[in-house]
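This report goes through a single protein chain, from its salt bridges to its overall layout. The sequence and structure are shown first.

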Amino acid sequence: MYPFVRMAKEIWTSRRQPRLGLTEPHVSHHVCWPWDLDLWAELNNGRTLTLFDLGRIPLAVRTGLVGVLRRNGWSITVAGNSLRYRRRVRMFDRVEMVSRCIGWDARFLYMEQSMWRGGDCTSHMLLRSAVTSRKGIVPTAEVLAALGRDEESPELPAWVRAWIAADATRPWPPERALLEPPHRRAA
């Protein structure tokens, strides 16, 4: 189940924190509860993605993006991500989450998020997000204008540019025949 109560707490808390610039980090703290675990008694990989929402949405509140979304009838959606898991998070572990926008292009905002236990990074995610309307993706320049900003994106790190380039070569939609079991493929 989605962590609605935890999200409400994070949004309420973030509304009382100082505003952030577009690329400034939002830091939050979380506990790995029993319902966050998988069969091996560690933070479930899918739940990790969900918990990163607890940093990303408050970041959007603190930068003013949530207000812009509401005023314009827009939404924000995840358009891709890459997540690296490196350390286990066990029940009742406390983690610090760092969330920040690292730049944008004509269509997408790029964010990085990380979870830390002590001095160790447990996971790190690169996320591509799009602001959408009923007509489709809202150009980033329009989103920035609605935020009262006209600045250029910081240069995206080389590893982010490489991910964008690699993802652009990925076929979409995937070839259905390759996804079917061999016994069901047409001869």
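Which residue's side chain meets that of E42 in a salt bridge? The partner is R90, with an N to O distance of 3.9 Å. The model is a predicted one, and the values below are computed from it.

## The E42–R90 pair

E42 belongs to the loop between β1 and α2, while R90 belongs to the loop between β2 and β3, so their salt bridge ties together parts that lie 48 residues apart in sequence. The cut-off for a salt bridge is a side-chain nitrogen of Lys or Arg within 4 Å of a carboxyl oxygen of Asp or Glu, so the pair qualifies at 3.9 Å.

The two partners fall into separate accessibility classes. E42 has a relative accessible area of 18% and is buried, because the buried class covers values under 20%. R90, at 36% relative accessibility, counts as partly exposed.

## Other salt bridges

The structure holds twelve salt bridges. One of them joins D36 and R6, whose closest N and O atoms are 3.1 Å apart. D36 sits in the loop between β1 (26–31) and α2, and R6 in helix α1 (residues 4–15), so this pair links parts that are 30 residues apart in sequence. Both ends of the bridge are buried: D36 has a relative accessible area of 0%, and R6 has 16% relative accessibility.

Another salt bridge is formed by the side chains of R161 and E155, at 3.2 Å from N to O. R161 counts as partly exposed at 40% relative accessibility, and E155 is exposed at 66%. Shared partners also build a network: salt bridges connect R6, D36 and R47 into one group.

## A nonpolar surface patch

W33, W35, M91 and F92 make up a nonpolar patch on the surface. Their accessible area comes to about 450 Å² together.

M91 is placed in the loop between β2 (75–85) and β3 (94–104). With 37% relative accessibility, M91 counts as partly exposed. The loop between β2 and β3 is also where R90 lies.

## The surroundings of T63

Is T63 buried or exposed? T63 counts as buried, because its relative accessibility is 6%. The residue lies in helix α2 (residues 45–63).

Leaving aside residues up to four places away in sequence, T63 touches R19, L20, G21, L22 and L147. T63 and C101 are separated by 38 residues in sequence, and their C-alpha atoms are 9.9 Å apart in space.

## The chain as a whole

The secondary structure of the protein chain consists of six helices and six strands. Along the sequence these elements follow the pattern α-β-α-α-β-β-β-β-β-α-α-α. The C-alpha atoms fill a box of roughly 60 × 40 × 30 Å along the principal axes. Of the contacts between residues at least 6 apart in sequence, 72% join residues at least 24 apart.

Buried residues account for 39% of the 187 residues in the protein chain. The accessible surface is about 11,600 Å², and 55% of that area belongs to carbon and sulfur atoms. The chain has 28 positive and 19 negative charges, and the mean positions of the two sets are 5 Å apart.

Notes: Residues are numbered from 1 along each chain as its sequence is written. This is a predicted model: local features need pLDDT of at least 70, side-chain atom pairs count only at pLDDT 80 or more; totals for chains, interfaces and linings use all residues. Side-chain values use heavy atoms; hydrogens and water are left out. Patches are made of residues with over 30% relative accessible area and no salt bridge: like charges are joined within 9 Å, nonpolar side chains (Val, Leu, Ile, Met, Phe, Trp, Tyr) within 5 Å. Accessible areas come from the Shrake-Rupley method with a 1.4 Å probe; for residues, only the protein chains shown count as cover. Helices (H or I, at least four residues) and strands (E, at least two) are DSSP runs, numbered from the N terminus. Buried means under 20% relative accessible area, exposed over 50%, partly exposed in between (1.4 Å probe, protein chains only). Contact means heavy atoms within 4.5 Å. Lys and Arg count as positive and Asp and Glu as negative; His and the chain ends are not counted. The place of a charge is taken as NZ of Lys, CZ of Arg, CG of Asp or CD of Glu.
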